Every structure is written in C-alpha cells, then in structure tokens.
Amino acid sequence: MNRRHSTLIAAAALAPALALTLAACGAENKPDTVPTTLAPPTAVATSPAPSPTRTTATPDADPACETILPEDTVADFEQVGWTAQADVFRIGGTEVPGGIQCTWGDYTVATDHVQVFGWAPIDDSDAEAAEQQLVSEGWRREEGNGGVYVTESAESAIATDEDGYGFTYFFGDGFVKVSDTKQGLILIEWPPK
C-alpha cells in the first residue's frame with residue numbers, strides 16, 4: 001500500500017470523529033435556547049408536547065382551525081396529511097364577525113372528502129334571525145341540550161351522519177358552532193377552558 005492511499009484511509013476513518021468535534025465546538029458558540037436553571041420537578045409529563053405548528057389556545061386568543069378542535073383530532077388530521085383552509089364564518093350568505101370556519105382535507109389531491117368545523121360569537125337577536133332565515137330556507141330546527149340545532153334537509157344534504165343529520169348549526173349562549181354533520185359539533189371546543 002502506498003503512503004498516499006494509507007493517508008486517505010486514515011483521513012476517512014477520522015472524518016466522523018472530526019465531524020463530531022466540530023459539531024460540539026459549534027454547539028458551544030450557539031446562544032442558549034434553554035434556561036440556565038431548571039425549575040424543580042413537580043410533575044412528570046405523560047403526553048407528548050404539542051407539535052411546533054400547533055397554536056396553543058388561550059382564553060383571550062382568536063379562534064383558529066387548530067384551536068377550536070381537540071389536539072388529538074388535529075394530530076389525527078395532520079397524520080393523514082390533512083390541513084385546514086380557514087374562511088370567515090357564514091350563516092347562509094351572512095358573515096358572522098369574529099368567527100372562523102375551517103375546511104379540513106387533503107389539498108394535494110382533488111377530492112370532496114373533507115370535514116367542516118366552525119365557531120363564532122353571536123348575540124341572541126342575531127342568532128334568532130339566523131335561525132329564522134335557515135328555517136325559511138327549509139332547514140329543520142330542534143331544541144337541544146343547552147341550545148338550538150338547525151340542520152339542513154336530509155334530502156338536500158351531500159353527506160349525513162348515522163342519525164341522518166347533514167350540515168348543522170348549534171346556537172348556544174353567545175355563540176354558534178357549525179359542522180358538516182351534527183355529530184361533528186361535539187368536537188368543537190371553544191373558547192378554551
């Protein structure tokens with residue numbers, strides 16, 4: 001073996017060690033990204049931290065597609081490649097200020113397989129007017145636990161849940177929720193507690 005060939009072999013063998021040394025030196029020159037003192041341990045986390053793309057909800061925050069649904073539901077959607085497209089909240093053609101309506105789906109393919117969730121603040125008089133407008137257009141109104149459900153006619157619904165409910169609004173005390181099925185309304189959790 002010639003001297004040049006043995007030098008190349010030695011350099012190749014040392015390359016990983018050199019890379020680790022350089023990485024360690026570079027890490028020493030980076031600014032601290034963690035606190036220099038740790039808080040005393042008070043509890044052990046039993047669930048993984050939320051993904052960095054998830055917006056953490058606070059009571060004074062505006063609703064967002066990722067915060068009006070439970071974290072595990074958002075994680076399930078993201079795991080299958082779904083993202084949300086946010087829009088203003090509408091009841092019929094009327095925009096409800098301060099709300100959000102989210103359509104979750106896989107936007108990398110052409111499909112009608114999506115799910116809709118929305119939430120908006122609404123006062124009693126606007127809620128009553130919206131209910132009356134929907135009923136006049138053939139929607140069905142039902143008193144429910146803590147509010148009023150208004151759902152589209154089963155004959156005109158594109159998709160329904162196992163109980164035959166399609167696109168449904170729920171008018172509660174100071175808010176309105178919407179989902180593409182009545183069962184989907186139970187997933188909407190806003191404002192955060």
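Modeller: Helices (H or I, at least four residues) and strands (E, at least two) are DSSP runs, numbered from the N terminus. This is a predicted model, in which local features need pLDDT of at least 70, side-chain atom pairs count only at pLDDT 80 or more, and totals for chains, interfaces and linings use all residues. Residues are numbered from 1 along each chain as its sequence is written, while side-chain values use heavy atoms, with hydrogens and water left out.

Colleague: Which residue follows H2?

Modeller: Helix H2 covers residues 71-79. The residue that follows H2 has a positive phi, near 90 degrees, and is Gly 81.

Colleague: How wide an arc do the buried residues of H2 cover around the axis?

Modeller: Buried means under 20% relative accessible area, exposed over 50%, and partly exposed in between (1.4 Å probe, protein chains only). The buried residues of H2 are Thr 73, Val 74 and Phe 77, whereas Asp 72 and Gln 79, on the other side, are exposed. The arc is that of the directions from the helix axis to the C-beta atoms. The buried residues lie on the same side of H2 because their arc is only 100 degrees.

Colleague: Which strands do the buried residues of H2 pack against?

Modeller: Contact means heavy atoms within 4.5 Å. The buried residues of H2 pack against strand S2 (94-105) and strand S3 (115-121).

Colleague: Which element gives the largest nonpolar core its largest share?

Modeller: A nonpolar core is a set of buried Ala, Val, Leu, Ile, Met, Phe, Trp, Tyr and Cys residues joined through side-chain atoms within 4.5 Å. The largest has 17 residues, including Phe 89 and Leu 134. The largest share of this core, 3 residues, comes from H3.
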